[in-house]
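Here is a short briefing for a first look at this protein. Please keep the sequence and the model side by side while reading.

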Amino acid sequence: MKRIFTTISVALLALVATIATDAQSRTALRINEVMVDNENSIVDEYGNHGAWVELFNSNFSPLEISSVYLTNDKANPRKYPVPLGDVNTEIPARQHVLFFADGEPNKGTFHTSFTLTPGQDNWIGIYDADGLTLIDEVLIPASLLPGQT
């Protein structure tokens with residue numbers, strides 16, 4: 001009887017761990033909003049108005065995004081790796097984080113190595129840590145006016 005109880009307990013623990021892991025899945029990461037031509041909206045910590053990409057954690061628990069990749073080039077899915085070791089790369093449940101697409105990653109974790117170009121279609125993708133698994137993508141049309149998302 002004790003052996004059956006132990007087996008059932010271990011099975012339930014494994015099930016709970018699997019559910020918790022799925023809840024933390026990066027597949028819940030979404031490109032929520034994008035501004036290609038930022039004339040007077042959000043300002044970065046250097047006082048610049050640059051293009052930005054907002055990511056949303058659709059999980060009901062925090063989501064660590066370090067080591068995922070952001071890119072604007074389908075042929076280069078590993079264009080901008082979100083760095084490891086920054087405490088701000090954990091997105092709280094049902095919250096957002098903003099990345100400036102300014103081509104200046106030396107400015108910090110939330111500044112990508114690519115830019116977005118007003119007046120042309122801009123494709124953006126998020127890839128998982130393997131650099132192969134596409135998590136989300138969006139195509140921003142060239143017709144998007146300045147200041148619109």
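From the N terminus on, the elements of the protein chain run α-β-β-β-β-β-β-β-β-β. That comes to 1 helix and 9 strands. The model is a predicted one.

**The chain as a whole**

- The protein chain has 149 residues, and buried residues make up 36% of them.
- About 8400 Å² of the chain is exposed. Carbon and sulfur atoms supply 57% of that area.
- Take the contacts with a separation of 6 or more: residues 24 or more positions apart account for 61% of them.

**The open sheet**

- Which strands form the open sheet, and in what order? There are 4 strands, in the order β5-β4-β8-β9. Their pairing is antiparallel.
- The edges belong to β5 (80-81) and β9 (134-140). Each has a single partner strand, so one side of each is left without a neighbour in the sheet.
- Strand β8 covers residues 122-127. β8 pairs with β9 in the antiparallel sense, over 6 bridges.
- Within this part of the model, I126 stands opposite D136 in β9.

**Aromatic pairs**

- How many aromatic pairs does the structure hold? The number is 2.
- One pair is Y80 with F99: the ring centres are 6.4 Å apart and the planes stand at 70 degrees, so the pair is edge-to-face.
- Y80 lies in strand β5, while F99 lies in strand β7 (residues 96-100). The pair therefore ties together parts that are 19 residues apart in sequence.
- Are these two residues buried or exposed? Y80 is buried, with a relative accessible area of 4%. F99 is buried too, at 0% relative accessibility.
- F99 also pairs with F110. Here the rings are tilted, with 5.0 Å from centre to centre and 55 degrees between the planes.
- F110 sits in the loop between β7 and β8, and F99 in strand β7, so this pair ties together parts that are 11 residues apart in sequence.
- Like F99, F110 is buried.
- Together, the ring pairs link Y80, F99 and F110 into a cluster.

**Charges over rings**

- R94 lies over the face of F60. The distance to the ring centre is 4.7 Å.
- K107 places its charged end over the ring of Y46. This end is 4.9 Å from the ring centre.

**The nonpolar core**

- In soluble globular proteins, nonpolar side chains tend to be buried together.
- In this model, the largest nonpolar core has 24 residues.
- Which members touch the most other members? They are L29, V34, L55, I65, F99, L116 and I126.
- F99 thus appears both in this core and in the aromatic cluster.
- Several elements give two or more residues to the core: β1 (29-35), β2 (52-57), β7, β8 and β9.
- β1 gives the most, with 3 residues.

**Contacts of L116**

- What does L116 touch, leaving aside its neighbours within four places in sequence? L116 is in contact with V34, V36, A51, V53, N72, A101, N122 and I124.
- One of these contacts, V34, is also listed with L116 among the core members that touch the most others.

Definitions and conventions:
Residues are numbered from 1 along each chain as its sequence is written. This is a predicted model: local features need pLDDT of at least 70, side-chain atom pairs count only at pLDDT 80 or more; totals for chains, interfaces and linings use all residues. Side-chain values use heavy atoms; hydrogens and water are left out. Buried means under 20% relative accessible area, exposed over 50%, partly exposed in between (1.4 Å probe, protein chains only). Contact means heavy atoms within 4.5 Å. Accessible areas come from the Shrake-Rupley method with a 1.4 Å probe; for residues, only the protein chains shown count as cover. Two strands pair if DSSP finds at least two bridges between them. Rings of Phe, Tyr and Trp (its six-membered ring) pair if their centres lie within 6.5 Å; planes under 30 degrees apart count as stacked, over 60 as edge-to-face and the rest as tilted. A charge sits over a ring if NZ of Lys or CZ of Arg is within 6 Å of the ring centre and within 35 degrees of the ring normal. A nonpolar core is a set of buried Ala, Val, Leu, Ile, Met, Phe, Trp, Tyr and Cys residues joined through side-chain atoms within 4.5 Å.
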